[in-house]
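Me: I am new to this structure and would like a close look at one part of it. Please start from a single residue and then show how the rest is laid out around it.

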Amino acid sequence: ATTRSSNTMAVGKNPRLKIKKGAKKKTVDPFTRKEWYDVKAPNMFQIRHVGKCIVSKTHGTRIASDGLKQRNFEVSLADLNKNEEQAHRKIILRSEEVQGRNVLTQFHGMDLTTDKLRSLVRKWQTLIEAFVDVKTNDGYFLRMFAIAFTKRRPNQLKKTSYAQTSQIRAIRRKMMDIMTHEAQSSSLRDLVIKFIPESIAAQIEKECHSIYP
């Protein structure tokens with residue numbers, strides 16, 4: 001009969017088998033696994049090059065272009081049109097397609113900056129809000145918002161400029177009708193072009209003069 005002796009010991013018991021604490025995993029710069037793409041705005045704006053975005057490189061079943069789709073980019077309208085007077089408006093662009101190193105975007109929304117919106121709201125006047133869900137003639141669904149304020153008449157002595165409830169309802173109805181008509185009779189591109197010079201807002205103001213004051 002033969003006998004075998006085993007001298008196995010736990011790592012923690014034998015000082016010669018201890019793992020060195022200083023042997024750390026080599027750190028890799030995460031940016032070596034990234035790729036840069038150029039973001040392109042739609043042709044309705046003067047400046048097409050918005051900036052750059054980063055995404056992880058294609059690895060295995062994960063394709064880099066898939067990680068870029070449906071991303072939102074918030075850009076100042078002043079940068080897109082080279083006009084500092086439009087700096088109070090923000091344009092939201094959504095990536096729709098990737099061609100080579102270019103990310104092609106589509107208009108996704110427009111909003112006012114917080115400081116501009118707060119500067120519009122004042123005391124002693126009526127604030128009227130309205131929104132509509134509309135469909136453009138090229139098949140895009142939009143939710144449009146409008147905000148209006150009553151203003152003082154020339155040579156007005158009264159401190160306040162409040163509208164009556166019936167006037168508020170009439171103004172809101174007029175705002176909704178104008179927004180619906182403008183959206184349904186335009187393509188998305190034409191509608192955005194109307195947003196930039198605020199032609200819809202000017203039309204609402206003109207037609208509501210007969211209601212208030």
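In which helix does Gln167 lie?

Reply: Gln167 lies in helix H3, which covers residues 165-184. The model is predicted, and what follows describes that model. Gln167 has a relative accessible area of 17%. It counts as buried because this value is under the cut-off of 20%. If residues up to four places away in sequence are not counted, Gln167 touches Ile211 and Tyr212.

To place helix H3, the whole chain is needed. The protein has five helices and seven strands. Read from the N terminus, the elements follow the order β-β-β-α-β-β-α-β-β-α-α-α. The protein has 213 residues, and buried residues make up 32% of them; Gln167 is one of the buried residues. About 15,400 Å² of the protein is exposed, and carbon and sulfur atoms supply 51% of that area. Among contacts with a separation of 6 or more, 52% are between residues 24 or more positions apart.

Helix H4 spans residues 188-195 and helix H5 spans residues 199-208. The loop between these two helices holds Glu198. Glu198 is partly exposed, at a relative accessible area of 36%. Its phi is near 60°, a positive value in a residue other than glycine. Most residues other than glycine have a negative phi. Gln70 is another case to note, with a phi near 65°, again positive in a residue that is not glycine. Gln70 sits in the loop between strand E2 (49-56) and strand E3 (72-76). With a relative accessible area of 46%, Gln70 is partly exposed because that value lies between the cut-offs of 20% and 50%.

A further loop, between strand E6 (127-135) and strand E7 (141-149), contains Gly139. Gly139 is partly exposed, with 37% relative accessible area. Gly139 and Leu188 are 49 residues apart in sequence, while their C-alpha atoms are 8.5 Å apart in space.

Other residues link parts of the chain in a similar manner. Leu77 is found in helix H1, residues 77-81. Its relative accessibility is 0%, so it counts as buried. Leu77 touches Phe45, Gln86, Arg89, Ile91 and Ile196, not counting residues up to four places away in sequence. Phe45 is 32 residues from Leu77 along the chain, and the C-alpha atoms of the two are separated by 8.8 Å.

Ile91 also turns up among the contacts of Gly109. Leaving aside neighbours within four places in sequence, Gly109 is in contact with Lys90, Ile91 and Ile92. Gly109 is found in strand E5 and counts as buried at 13% relative accessibility. Between Gly109 and Ile91 there are 18 positions in sequence and 6.0 Å in space, C-alpha to C-alpha.

Thr105 is in strand E5 too. Thr105 has 10% relative accessibility and therefore counts as buried. Its side chain reaches the backbone oxygen of Lys40 at 2.6 Å. Apart from neighbours within four places in sequence, Thr105 is in contact with Val39, Lys40, Ala41, Pro42, Phe73, Leu93, Arg94, Ser95 and Glu96.

Thr105 also belongs to the lining of the second largest pocket, together with Lys40, Ala41, Pro42, Asn43, Arg48, Glu96, Leu104 and Gln106. This pocket has a volume of about 150 Å³. Strand E5, residues 102-112, gives the most to its lining, with three residues. By type, the lining divides into three nonpolar, three polar and three charged residues.

To return to the starting point: Gln167 is a buried residue of helix H3, and Ile211 and Tyr212 are what it touches once residues up to four places away in sequence are left out.

Key
Residues are numbered from 1 along each chain as its sequence is written. This is a predicted model: local features need pLDDT of at least 70, side-chain atom pairs count only at pLDDT 80 or more; totals for chains, interfaces and linings use all residues. Side-chain values use heavy atoms; hydrogens and water are left out. Helices (H or I, at least four residues) and strands (E, at least two) are DSSP runs, numbered from the N terminus. Buried means under 20% relative accessible area, exposed over 50%, partly exposed in between (1.4 Å probe, protein chains only). Contact means heavy atoms within 4.5 Å. Accessible areas come from the Shrake-Rupley method with a 1.4 Å probe; for residues, only the protein chains shown count as cover. On a 1 Å grid over the protein atoms alone, a cavity is a set of points where a 1.4 Å probe fits but cannot get out, and a pocket is an open set with protein on both sides within 12 Å along at least five of seven lines; lining residues have an atom within 4 Å of a point. Grid points are joined across faces, edges and corners, and a volume is the space filled by probe spheres set on the points. Ala, Val, Leu, Ile, Met, Phe, Trp, Tyr, Cys and Pro count as nonpolar, Asp, Glu, Lys and Arg as charged, and the others, Gly among them, as polar. A polar contact is a pair of N or O atoms within 3.5 Å; within protein, one must be able to donate a hydrogen and the other to accept it, and residues adjacent in sequence count only if both atoms are side-chain atoms.
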